[in-house]
Amino acid sequence: MGVITCGIGWLAWQFLNFSNKSQVIIFAIAVAIIVLIETSVGIWALVRHEQIDTTLSSTQHEKIFALAVTDEKSIWDYMQSTLRCCGIDGPSDYRSVDSIPWSCCNTSNQEKNGSACATINKRGCQHVVLSRTRSILLHVFLLALCSVLLQISFIACITYYVRIYKDRMERRASEMRTSLQDTRETDTKNNLLSQSNNPGSNNP
């Protein structure tokens, strides 16, 4: 949306004729639609940020962990090694399978300890994933809010510029009318003076 907004702003600066009311209205509608979309996204992100539940029921916990050790094991191995977490709530989740996967191993000090896993990540992946999700949603909300505020400021500046441009055009038109009127009055006076200086020019 930011790229679209910048593109519309650039097009408006290059091609928009502020004296053409229809073009100004179309531009205002386009910016208003973008502001509405970004506001909706920001509100949605804030609502979802507050609705994220940090606890799983026992049934959900069992279903997710069953997939973690069977069909989705490769995904969980990648997530555990990347996020440096283990299981849903911690390494204790793997007691039921009697083995902890290598992806739970903290490999930051692995070179010093050879091939043996000296340290296991203690954090559960649920906490890490939810924290990152809440952080992303919060950043989306803040970005949407800043974008809306910037666009409102941009609209205010454009409105102020249009008002100044309109006043300038009206002043110029008024000056032109005054100049034409002065020219006509001058021509009339010159004609009267020429007629008064030549009183017999019209008589044979």
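# Exercises on a predicted helical model

D93 sits in the loop between α4 and α5. The model is predicted. Work through each task with the structure open.

## Exercise 1. The buried aspartate

Task: Find which residues D93 contacts beyond four places in sequence, and what its side chain is paired with.

Solution.
- Step 1. Check the burial. D93 is buried, and it has no salt bridge.
- Step 2. Look for an opposite charge. The nearest such side chain is that of R95, 8.1 Å away. A salt bridge needs a nitrogen-to-oxygen distance within 4 Å.
- Step 3. Look for a backbone partner. A polar atom of the D93 side chain lies 2.7 Å from the backbone nitrogen of I88.
- Step 4. List the contacts. With neighbours up to four places away set aside, D93 touches H61, F65, G87 and I88.

## Exercise 2. The two sides of α3

Task: Decide which residues of α3 are buried, and where they lie around the helix axis.

Solution.
- Step 1. Pick out the buried residues. In α3 they are H61, F65 and A68.
- Step 2. Place them around the axis. Their arc is only 50°, so they lie on the same side of α3.
- Step 3. Turn to the other side of α3. There E62 and K63 are exposed.
- Step 4. Ask what covers the buried residues. The cover includes α4.

## Exercise 3. The nonpolar cores

Task: Trace the largest nonpolar core and name the helices that supply at least two of its residues.

Solution.
- Step 1. Collect the members. The largest core has eleven residues: F65, A68, W76, L83, C85, C86, I88, Y94, C104, C125 and V128.
- Step 2. Assign the helices. At least two residues come from each of α3 (58-68), α4 (73-83) and α5 (125-197).
- Step 3. Follow one member, W76. Beyond four places in sequence, W76 touches I64, A68, G87, I88 and C125.
- Step 4. Look elsewhere. Another core lies apart from this one; it has five residues, including F27, V31, V35 and V148.

## Exercise 4. The salt bridge

Task: How many salt bridges does the structure hold, and which side chains meet in a salt bridge?

Solution.
- Step 1. Count. The structure holds one salt bridge.
- Step 2. Name the partners. The side chains of D77 and K73 meet, with N to O at 2.9 Å.
- Step 3. Explain the spacing. D77 and K73 are four residues apart in helix α4, so about one helical turn separates them.
- Step 4. Check the exposure. D77 is partly exposed, with a relative accessible area of 21%. K73 is partly exposed too, with a relative accessible area of 37%.

## Exercise 5. An unusual backbone angle

Task: What is the sign of phi at R84, and is R84 buried, partly exposed or exposed?

Solution.
- Step 1. Read the angle. R84 has a positive phi of about 55°, although it is not a glycine.
- Step 2. Locate the residue. R84 is in the loop between α4 and α5.
- Step 3. Check the exposure. The relative accessible area of R84 is 48%, which makes it partly exposed.

## Exercise 6. The whole chain

Task: What pattern does the protein chain follow, and what share of its residues is buried?

Solution.
- Step 1. Count the elements. The protein chain has five helices and zero strands.
- Step 2. Read along the sequence. The pattern is α-α-α-α-α.
- Step 3. Take the burial. Of the 204 residues in the protein chain, 22% are buried.
- Step 4. Take the contact range. Among contacts with a separation of 6 or more, 63% join residues 24 or more positions apart.

Technical notes:
Residues are numbered from 1 along each chain as its sequence is written. This is a predicted model: local features need pLDDT of at least 70, side-chain atom pairs count only at pLDDT 80 or more; totals for chains, interfaces and linings use all residues. Side-chain values use heavy atoms; hydrogens and water are left out. A nonpolar core is a set of buried Ala, Val, Leu, Ile, Met, Phe, Trp, Tyr and Cys residues joined through side-chain atoms within 4.5 Å. Buried means under 20% relative accessible area, exposed over 50%, partly exposed in between (1.4 Å probe, protein chains only). Contact means heavy atoms within 4.5 Å. Lys and Arg count as positive and Asp and Glu as negative; His and the chain ends are not counted. A polar contact is a pair of N or O atoms within 3.5 Å; within protein, one must be able to donate a hydrogen and the other to accept it, and residues adjacent in sequence count only if both atoms are side-chain atoms. The arc is that of the directions from the helix axis to the C-beta atoms.
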